[in-house]
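Student: Before I rely on the words used to describe this protein, I would like to know what stands behind each of them. Could we go through them one at a time, with the values set against the cut-offs?

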Amino acid sequence: MAHKLTKEQIVESVPQKGFFGHPRGLFTLFFTEFWERFSYYGMRAILVFYMYYEVSKGGLGISEPTAMAIMSIYGSLVYMSGIIGGWLADRIFGTSKAVFYGGILIMFGHIVLAFPGNLTMFFTSMVLIVLGTGLLKPNISSIVGDIYATDDNRRDSGFSVFYMGINMGGFLAPLTVGTIGLDYNFHLGFGLAAIGMFIGLVTFLLTKKKYLGLAGTQIANPLSPAERKRFVRNLVIGTVVLVALLFITIPNGWLTFNSFIALVGILGFLIPFSYFIIMYRSPKTTADEKSRIIAYIPLFLAAVMFWAIAEQGSTILALYADKRTNLDAFGFHISPAWFQSLNPLFIITMAPVFAWLWIKLGKRQPSIPQKFSLGIFFAGISFIVILLPAYFGGTDTLVNPLWLALSIFILVLGELCLSPVGLSATTKLAPAAFSAQTMSLWFLSNAAAQALNAQIVKFYSDKTEMMYFGIIGGVAIGLSIILFALSPVIQRFMKGVH
């Protein structure tokens, strides 16, 4: 077995200048993630419409509440699978190979969607995309952390630049994939998403050796030969048991859509809770690392609250755009899919401002817990804003699209306080033996949020609109105040991480 490289050796292998003052490897990661997010957000921009539009309009004809619940469960599983991708990277592949294998699965998932088919093909594509995203998404973020020295002041700024790549792909996708999918044919839209992922794979393969050096090639905690043999045995047994359970539970009506939603809801919180315990109790975790894990728990819960609001952009707010918004307000027809471009557009506009702000403030900037509290505060305000049209004009009139745009803009202010900072904080707080898996744990906050959403989206209707937005927004604002008050305590547990 090759000797284990130090963090310093990995950083030295990466050209440290060449991409807007950042390591050149950020170019590779930026554009790989750009195209992966283009494919994912393009598919997501039209998926809920594809599900609930009538068959005569090219959709699947699923009811609106069921379509929104499926969308939330799908989103939850996408992020939940990251824990598998993180484990495989830490123990078997290394993060670079995990990114490549994940991209291939995602591309094939979109290709399956690109062909007209039935629910079986739909769910097959979902499985491929869920597994592929689990391999790619957490591990590409871990490689971003690898290309910077631990004390490099460019680190937070670098994650903000990387986050811009995510959102540039997310901005273009609804405008292109969304327009083609809704105005012409859903399957052509899904085909364009597949092409996007293919371009991302080519970019990664052509530039990784020259720009990334040794970043992503290390296996953090490799399996021993005995562990590898046991893993293969358990994988075979687990697969056989799972298939047998499906053959028994589905025909007998024990595994229904509602029971599956409940199961994913439980797993959304049980899996991260289990991982916190495993990492904390591991003999490979030092005393300082254990303290940082304790500090990470309230940040994780704050992220769950934030994403529970943010991820309703592809469910409740997508339905709101389609059914409640005046789509001919400015003399031309607005596609409901286009509203999903506003979030990344505002992030592209504001991310450089926030990246500059954190560098300008230096040591005077808010602490990580304080940034998280600001994040969920803005998220709560965004839901308070979107209930105002119903308060002033009732729920039976079409809403000016500027209300929806304002709500999304306020949410983005919160996202820039929380999401790139959360990515960076995760790489800093992660125990060394669980580096990729801790990044997967960060994405599990999104999985837990969407598992929660699958339970609550069914409470949304015209009659409950104000109460729905008001209660969720109010809870977020209350939690933000509590977190801000606890910030000094959390900061002490972070043991030197700022």
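Tutor: Gladly, bearing in mind that the model is a predicted one. A convenient place to start is Ala 149, which is found in the loop between H6 and helix H7 (155–183).

Student: Why is Ala 149 called partly exposed?

Tutor: Its relative accessible area is 24%, and since buried means under 20% and exposed means over 50%, with partly exposed in between, Ala 149 counts as partly exposed. As for its surroundings, the C-alpha atoms of Ala 149 and Ala 215 are separated by 12 Å, although these residues are 66 residues apart along the chain.

Student: And what makes Leu 175 partly exposed?

Tutor: The reasoning rests on a relative accessible area of 32% for Leu 175, which lies in between the limits of 20% and 50%, so this leucine of helix H7 is partly exposed. Leu 175 touches Trp 338 and Ser 341, if residues up to four places away in sequence are not counted, and its C-alpha atom is separated by 8.7 Å from that of Gln 340, 165 residues apart along the chain.

Student: Which value makes Leu 26 buried?

Tutor: Leu 26, a residue of helix H2, has 0% relative accessibility, so it counts as buried. Its C-alpha atom and that of Thr 66, 40 residues apart along the chain, are separated by 40 Å.

Student: How do you know that the length of H6 agrees with that of a helix?

Tutor: H6 covers residues 119–146, and at 1.5 Å a residue its 28 residues should span 40 Å; because the end C-alpha atoms are 41 Å apart, the two values agree. There is nevertheless a kink of about 30° in H6, centred on Thr 133.

Student: What does the same reasoning give for H14?

Tutor: The 26 residues of H14 (residues 368–393) should span 38 Å at 1.5 Å a residue, and the end C-alpha atoms are 40 Å apart, so here too the value agrees. H14 bends by about 25° at Leu 387, with a proline, Pro 389, following within four residues, and after the helix comes Gly 394, whose phi is positive, near 85°.

Student: What makes H11 a mostly covered helix?

Tutor: Of the 24 residues in H11, 17 are buried. H11 (residues 287–310) reaches 35 Å from its first C-alpha to its last, close to the 34 Å expected, and it bends by about 25° at Tyr 296, with Pro 298 following within four residues.

Student: Why is the pair of Tyr 53 and Phe 186 called edge-to-face?

Tutor: The ring centres are 5.9 Å apart, which is within the 6.5 Å needed for a pair, and the planes stand at 80°, which is over 60, so the pair is edge-to-face. Tyr 53 lies in the loop between helix H2 (25–52) and helix H3 (64–80), whereas Phe 186 belongs to helix H8 (residues 186–212), so the pair links distant parts of the chain, 133 residues apart.

Student: Are these two residues buried or exposed?

Tutor: Tyr 53 has 18% relative accessibility and therefore counts as buried, and Phe 186, at 4%, counts as buried as well. Both also belong to one aromatic cluster, whose members include Phe 49, Tyr 50, Phe 122 and Phe 190.

Student: What makes Lys 57 a charge over the ring of Tyr 53?

Tutor: Lys 57 lies over the face of Tyr 53, at 5.8 Å from the ring centre, and the cut-off for that distance is 6 Å. The charged end of Lys 290 likewise sits over the ring of Tyr 280, 5.5 Å from its centre.

Student: Which residues have the most contacts inside the largest nonpolar core?

Tutor: They are Leu 47, Phe 372, Trp 442 and Phe 469, in a core of 138 residues. A second, separate core has 6 residues, among them Leu 88 and Leu 223. Leaving aside neighbours within four places in sequence, Phe 372 is in contact with residues including Leu 299, Cys 417, Val 421 and Trp 442.

How values were computed:
Residues are numbered from 1 along each chain as its sequence is written. This is a predicted model: local features need pLDDT of at least 70, side-chain atom pairs count only at pLDDT 80 or more; totals for chains, interfaces and linings use all residues. Side-chain values use heavy atoms; hydrogens and water are left out. Helices (H or I, at least four residues) and strands (E, at least two) are DSSP runs, numbered from the N terminus. The expected span of a helix is 1.5 Å times one less than its number of residues. The bend at a residue is the angle between axes fitted to the seven residues ending there and the seven starting there. A nonpolar core is a set of buried Ala, Val, Leu, Ile, Met, Phe, Trp, Tyr and Cys residues joined through side-chain atoms within 4.5 Å. Buried means under 20% relative accessible area, exposed over 50%, partly exposed in between (1.4 Å probe, protein chains only). Contact means heavy atoms within 4.5 Å. Rings of Phe, Tyr and Trp (its six-membered ring) pair if their centres lie within 6.5 Å; planes under 30 degrees apart count as stacked, over 60 as edge-to-face and the rest as tilted. A charge sits over a ring if NZ of Lys or CZ of Arg is within 6 Å of the ring centre and within 35 degrees of the ring normal.
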